[in-house]
Amino acid sequence: MKWYKSSGIIRGSLLLLLSLFVTTPLAMVLMGSLESPVSYRTNNVFTFMKRYLSLDQYKNILFHDLEYWAAFWNTVLLTLPTVVLAIGIGALAAFGLRIINKKLSGVLLMVYAILSTLPAQVLLVPHLVVLSSLFLTGTRLAVILVGCCSPWYVFFLHRLCVRIPEEEFEAARLEGASEREVFTHIALPQMRTGIMVFAIVIAADLWGMVEEPLIYIQDAAKYPLSVLFQEMGESISFAGVLVFSLPVLVILISGVLNAVRSEER
């Protein structure tokens, strides 16, 4: 056997093990979601199917659990504005760092990089002090403002903006374009694919937020679903997890398809 054939087998085996490592928990959750909340004796194939191939958990989630859907929409109300503001603020800050003095931009980027390495838990108390002074604790706006102003977002988007040649900016300015027009007509279109990936990543991250709502909101009626999962019964938790994960899965698939289409063009 030649060396490249053996290396291909090893690489394929490693990929198979990795895929099993990722998909096994998902398969277990899917199997758990199909188990009936009511116990049946599996005397024959029909009772077995009634117990282990049941949609009762999904029926309870979709049609009977109002608390689940209230928390679900709380998650949407927290995630969607945060993603939109993070893209807007981060893209503007990244473009500003791109066009200012290079030495000042380098210093600010170093500060952003250092702040990006700090764990989010370290900043919970300072953020809480600032939000308390602004009388925002107990509101959804507190979580949204903290979530959309992460230094990592600016650092990531700046790496996209810095790839745009300076000559394109200069040519637009010579034609009389303002900085706003340079940003909207030159910078943003060329950052579109990267911003799409950025939006998918932060949306998936914010969709499962736990610490920020617990600290800043402190009101169970406004908590997202990710906080309330521990209070759900085991009979509906598996189906609830899958239904909760569907929006992120749809966003991920649509983002990948759009990125592929953009590359083909």
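**Exercise 1.** Which residues make the nonpolar surface patch of about 520 Å²?

*Solution.* In this predicted model, the patch is made by L246, L249, L252, I253, V256 and L257.

**Exercise 2.** Take V256 from that patch and decide whether V256 is buried, partly exposed or exposed. Then find the helix that holds V256.

*Solution.* Step 1: the relative accessible area of V256 is 45%. Step 2: buried means under 20% and exposed means over 50%, with partly exposed in between. Step 3: V256 is therefore partly exposed, because 45% lies between these limits. Step 4: the helix that holds V256 is α13, which covers residues 234-264.

**Exercise 3.** Describe the fold of the protein chain by its helices and strands, and state what share of its residues is buried.

*Solution.* Step 1: the chain has 13 helices and zero strands. Step 2: read along the sequence, the pattern is α-α-α-α-α-α-α-α-α-α-α-α-α. Step 3: the chain has 265 residues, and 30% of them count as buried.

**Exercise 4.** Describe the largest pocket by its volume, its lining residues and the helices that supply them.

*Solution.* Step 1: the space in the largest pocket is about 780 Å³. Step 2: the pocket is lined by 30 residues, and A120, L123, H127, V146 and S150 are the closest to its centre. Step 3: sorted by class, the lining holds 22 nonpolar, five polar and three charged residues. Step 4: at least two lining residues come from each of α5 (102-116), α6 (124-133), α7 (140-148), α8 (151-161), α10 (179-207) and α11 (211-216).

Key
Residues numbered from 1 in each chain as written. Predicted model: local features only at pLDDT ≥ 70, side-chain atom pairs only at ≥ 80, totals over all residues. Heavy atoms only, no water. Patch = residues over 30% accessible without salt bridge, like charges linked within 9 Å, V, L, I, M, F, W, Y side chains within 5 Å. Areas by Shrake-Rupley, 256 points an atom, 1.4 Å probe, with all protein chains shown as cover. Salt bridge = Lys/Arg side-chain N within 4 Å of Asp/Glu carboxyl O. Helix = DSSP H or I, 4+ residues; strand = E, 2+ residues; numbered from the N terminus. Buried < 20%, exposed > 50% of the residue type's maximum accessible area, 1.4 Å probe, protein only. 1 Å grid on protein atoms, 1.4 Å probe; cavity = no way out; pocket = protein on both sides within 12 Å on 5 of 7 lines; lining within 4 Å. Points joined across faces, edges and corners; volume = space filled by probe spheres on them. Nonpolar A, V, L, I, M, F, W, Y, C, P; charged D, E, K, R; others polar.
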